[in-house]
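This report considers how the strands of one protein chain are arranged and then turns to a few residues in the loops between them. The reader is asked to follow the text with the model at hand.

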Amino acid sequence: MRFLSVSKNQLKDLSEILYLPFLVTLNASENQIGSIDFLSVARDSLHYLQAVTLTKNKLTSLPALPLQRLSRLLLNENEIATCAAFTGHQTILHLDLSKNKLTSTAGIANMPKLQQLELGENEISEVASGL
């Protein structure tokens, strides 16, 4: 399977996608997902994942993501208050963190290929160096 859309459901956990090694695009918007920490251990799986949409969930933080081909990450309209553990990504072109609860841009750096960053409608009062 290369494309998976499970949007507009009541999902709370997506860790089972680790068993979809050829997944390229994931859309799990409008669910009840509270964490994507399972993606931080995806170094040995999800080698082809390029686009992740998790808009309108219950995410509270953005962890480090070792997804080597990830280019588009849409996390708008969640409850993300921190990205400190993220520390950047080498292949992301588009990152959307708008409409969250961020107060700082800490962790949003070290993205040499980034072309589009969306941070509107947060509570940001501090822009960290390296952005």
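What follows describes the sheet of this predicted model, and after that some of its loop residues.

The sheet is an open one, built from 6 strands that are ordered β1-β2-β3-β4-β5-β6 and paired in parallel. Its edges are formed by β1 (3-5) and β6 (116-118), each of which pairs on one side only, and from one strand to the next the twist averages 5°. Strand β5, comprising residues 94-96, runs parallel to β6 and is joined to it by 3 bridges; in this pairing, His94 stands opposite Gln116 of β6.

The loop between β5 and β6 holds Ser98. Because its relative accessible area is 12%, which falls under the 20% cut-off, Ser98 counts as buried. When neighbours within four places in sequence are left aside, the residues in contact with Ser98 are Asn76, Glu77, Glu118, Leu119, Gly120 and Asn122.

Two other loop residues are set out by their backbone phi angles.

| Residue | Loop | Phi |
|---|---|---|
| Lys56 | between β3 (51-53) and β4 (72-74) | near 55° |
| Thr87 | between β4 and β5 | about 60° |

The phi of Lys56 is positive although the residue is not a glycine, and Thr87, likewise not a glycine, has a positive phi as well. As for accessibility, Lys56 is partly exposed, since its relative accessible area is 37%, a value that lies between the limits of 20% for buried and 50% for exposed residues.

How values were computed
Residues are numbered from 1 along each chain as its sequence is written. This is a predicted model: local features need pLDDT of at least 70, side-chain atom pairs count only at pLDDT 80 or more; totals for chains, interfaces and linings use all residues. Side-chain values use heavy atoms; hydrogens and water are left out. Two strands pair if DSSP finds at least two bridges between them. Helices (H or I, at least four residues) and strands (E, at least two) are DSSP runs, numbered from the N terminus. Axes are lines fitted to C-alpha atoms, for helices over the stretch in contact, and angles run from 0 to 180 degrees between N-to-C directions. Buried means under 20% relative accessible area, exposed over 50%, partly exposed in between (1.4 Å probe, protein chains only). Contact means heavy atoms within 4.5 Å.
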